[in-house]
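Here are my notes on the model, as numbered points. Please read them with the structure open.

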Amino acid sequence: MEKLAASTEPQGPRPVLGRESVQVPDDQDFRSFRSECEAECRMECCDVPAETLYDVLHDIEYRKKWDSNVIETFDIARLTVNADVGYYSWRCPKPLKNRDVITLRSWLPMGADYIIMNYSVKHPKYPPRKDLVRAVSIQTGYLIQSTGPKSCVITYLAQVDPKGSLPKWVVNKSSQFLAPKAMKKMYKACLKYPEWKQKHLPHFKPWLHPEQSPLPSLALSELSVQHADSLENIDESAVAESREERMGGAGGEGSDDDTSLT
């Protein structure tokens, strides 16, 4: 079993093959170049304090409201006061198969800034499912930097193996449409979060107050690193885009509807 680390420290610089830059709320200033497995996105958030964005990324109940791609997400267990294991499954553009991951996540407040990192692990009670493709987060994370009392910048880094050969239209659509819309949807969710949180356990924030966590404890020795080569590789390179996806789809990342954030 490979030794695991529940650390928030980045494991050295890695080459980034693609970069997406989004300035919110300006719809015009977007440039994108993306590879299938590596991406870097940066978003400047006006009227959103760094601590609010940090809360939004942690609040699993709120994520179910604003993340229109999520199928199912839940926390499994905690390792330390700033590390846990969780499950996340998401919808892929039709007719691709949907994906899921089990990740070890760790986080760290650094003054007015915050960092969240995760990578894929194997959990004995959550093996790959037949109805989903088990993807691999090699190293994924968020860096939130405060730029003022009510503004911040978020940098999102991702090295993900989707466990499949994806068609070109998926890569193009992800970089040109899905990624910027997802970042803008996150921004809108941040604006609405304070009001939503006041109505939904306003003082419950176990990511800030670990004594509040209801999760069972889990020993690191019960987990192992999820290597991509141990999972089935799905060849979807010849899959054609569905008519629904070409038309923009109903809901999902292609939609700016935020009526559920109440």
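1. A strand, as the word is used here, is a DSSP run of E with at least two residues, and strands are numbered from the N terminus. Strand β4 covers residues 70-80, and glutamate 72 is found in it. Keep in mind that this is a predicted model.

2. First, the whole chain. Four helices and 13 strands make up its secondary structure. The chain has 262 residues, and 48% of them are buried. Its exposed area is about 13700 Å². Carbon and sulfur atoms supply 53% of that area.

3. Next, the contacts across the sequence. Take the contacts between residues at least 6 apart in sequence. Of these, 65% join residues at least 24 apart.

4. Back to glutamate 72. Is this residue buried, partly exposed or exposed? Its relative accessibility is 35%. The partly exposed class lies between the 20% and 50% cut-offs, so glutamate 72 counts as partly exposed.

5. Which residues does glutamate 72 touch, once neighbours within four places in sequence are set aside? The contacts are Tyr87, Tyr88, Ser89 and Arg129. With arginine 129 there is a polar contact, side chain to side chain, at 3.4 Å. Arginine 91 is another position to check. Glutamate 72 and arginine 91 are separated by 19 residues in sequence, and their C-alpha atoms are 9.7 Å apart.

6. Now the pairing around β9. This strand spans residues 136-148 and runs antiparallel to β7, residues 113-122. Five bridges join β7 and β9. One pair to locate is tyrosine 114 with its bridge partner in β9, isoleucine 144.

7. β9 also pairs with β10, residues 151-161. These two strands are antiparallel as well, and 11 bridges join them. How many residues lie between β9 and β10 in their hairpin? Two residues do. Glycine 148 stands opposite serine 151 of β10.

8. A general point for anyone reading side chains along these strands. In a regular strand, side chains alternate between the two faces of the sheet.

9. Finally, helix α1, residues 50-58. Why is α1 described as largely enclosed by the rest of the structure? Eight of its nine residues are buried, so the description applies. The buried residues are Ala50, Thr52, Leu53, Tyr54, Asp55, Val56, Leu57 and His58. Asp55 and His58 are among them.

Note on methods: Residues numbered from 1 in each chain as written. Predicted model: local features only at pLDDT ≥ 70, side-chain atom pairs only at ≥ 80, totals over all residues. Heavy atoms only, no water. Pairing = 2+ DSSP bridges. Buried < 20%, exposed > 50% of the residue type's maximum accessible area, 1.4 Å probe, protein only. Contact = heavy atoms within 4.5 Å. Areas by Shrake-Rupley, 256 points an atom, 1.4 Å probe, with all protein chains shown as cover. Polar contact = N/O pair within 3.5 Å; in protein donor to acceptor, adjacent residues only side chain to side chain.
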